[in-house]
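Hello,

Here is the structure for you to look over. My notes come after it.

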Amino acid sequence: MMRIAWLLVLLVTLLFPAAAVQAPAQQKTLVVTGYGGRWSEVMKKALIEPFEKQHGVKIELVTGITTEWVAKLMAGGPDNPPFDVVMGNEPPFPIPRERGFFEPRNLALAPNIKHVYDKALIGDTSLAIFWARIGIAYRTDAVSKKPTSWKDLWDDAYAGRRGTYVIGNTLGINFLFMVSKVYGKEYFDVDAGIAAIKRMQPKLVDFTGTMEKYLESKEVVIAVMHDATAYDLQKRGIPVDWAAPVEGVPILDQVIQVTKGSKNKDLAWKLVDAYLSPEVQTAFATELFFSPTNKTVKLPADVARKIINGPADVDKLVLFDWAKVARQRPQWTERWNKELR
């Protein structure tokens, strides 16, 4: 029987050479982080599916929030990262960056990096791929005068109907720094900022999604919010508009980096390059109103007028040193919890 089987195999090989070709190599999988909901919908359509087709790779998208991804990254150690590409908000990233978890930026494999604004570059490993300005969202059917200052949130007319976030939220801590400057000596005069927020008596929430629901239901009529979410609400028919306070607007940045222990670094950098391509940057801007950091991107006029558009807008952005913030955040959080919880 063995001899017969061997002869059959030989016969098939001679008659059908293609059948003798070795099984295809196992398809590579690139593990990347990203948000759920509409972010992942746009990401799959504009980035993942074209990238998989072009490079013959499978992309595994791990959804969640940045603090979860950083915790998993730290637990795995720099040589055994659970992700090839990590994208998320900047505040939790300084610690893994300082401990050598990320690769230096690779312009040879990601040439679109040379097109991003200088303000989008972080250290020698990371860069922001999108920005959103943090300002004031308000119901146009309940707020008669467009806000112009952070101080407008303290207007008595909005008592019980204004909102912001806890200090653990990126928008919340950015707002605290702005208020500290407005009502104190400088951005990190957080005692002054906490005291001001305590006087304001806002509804405090953990997530942007919760604030969206509050604005939709009119439980709040004015709130701290980034422009991307505000214009997305507007696009869905909610009577909401967004204002940039004259004292300045900090940012919610989406920062990306390749992990040092990744076994697929070349593909990982090519994915970063694709994220920065005009096609993908335009898709996120037109669908979700996130501002491109690639300064060569040309947006439709109706989108460009709403988001960050050009060097003049970029110059106005207020950026904080999150490595410095990370060292002091535990004390500030303790102070916050004592006064506001």
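Below is what I found around one helix and two residues that sit by it in my notes.

Bear in mind that this is a predicted model.

Helix α8

Start with α8, residues 227–235. Of its 9 residues, 7 are buried, so the helix is largely enclosed by the rest of the structure. The buried ones are Asp227, Ala228, Thr229, Ala230, Tyr231, Asp232 and Leu233. What covers them? The cover includes two strands on either side of the helix numbering, β8 (222–226) and β9, along with β5 (126–139). Helices α2 (37–55), α7 and α10 (278–288) are also among the covering elements. After α8 comes Gly237, with a positive phi near 95°.

Glu212, in α7

Glu212 belongs to helix α7, residues 208–217. Is Glu212 buried or exposed? It counts as buried, because its relative accessibility is 17% and the cut-off is under 20%. Beyond its sequence neighbours within four places, Glu212 contacts Met225, Thr229, Leu233 and Arg236. Met225 is 13 residues away in sequence, with a C-alpha to C-alpha distance of 8.8 Å.

Val240, in β9

Val240 is in strand β9, residues 240–243. Val240 is buried, at 2% relative accessible area. Outside its neighbours within four places in sequence, its contacts include Ala230, Leu233 and Gln234. Ala137, Tyr138, Arg139 and Thr140 are in contact with Val240 too. Tyr138 is 102 residues from Val240 in sequence, yet their C-alpha atoms are 5.5 Å apart.

Leu233 appears in both contact lists, that of Glu212 and that of Val240.

Best wishes

Notes: Residues numbered from 1 in each chain as written. Predicted model: local features only at pLDDT ≥ 70, side-chain atom pairs only at ≥ 80, totals over all residues. Heavy atoms only, no water. Helix = DSSP H or I, 4+ residues; strand = E, 2+ residues; numbered from the N terminus. Buried < 20%, exposed > 50% of the residue type's maximum accessible area, 1.4 Å probe, protein only. Contact = heavy atoms within 4.5 Å.
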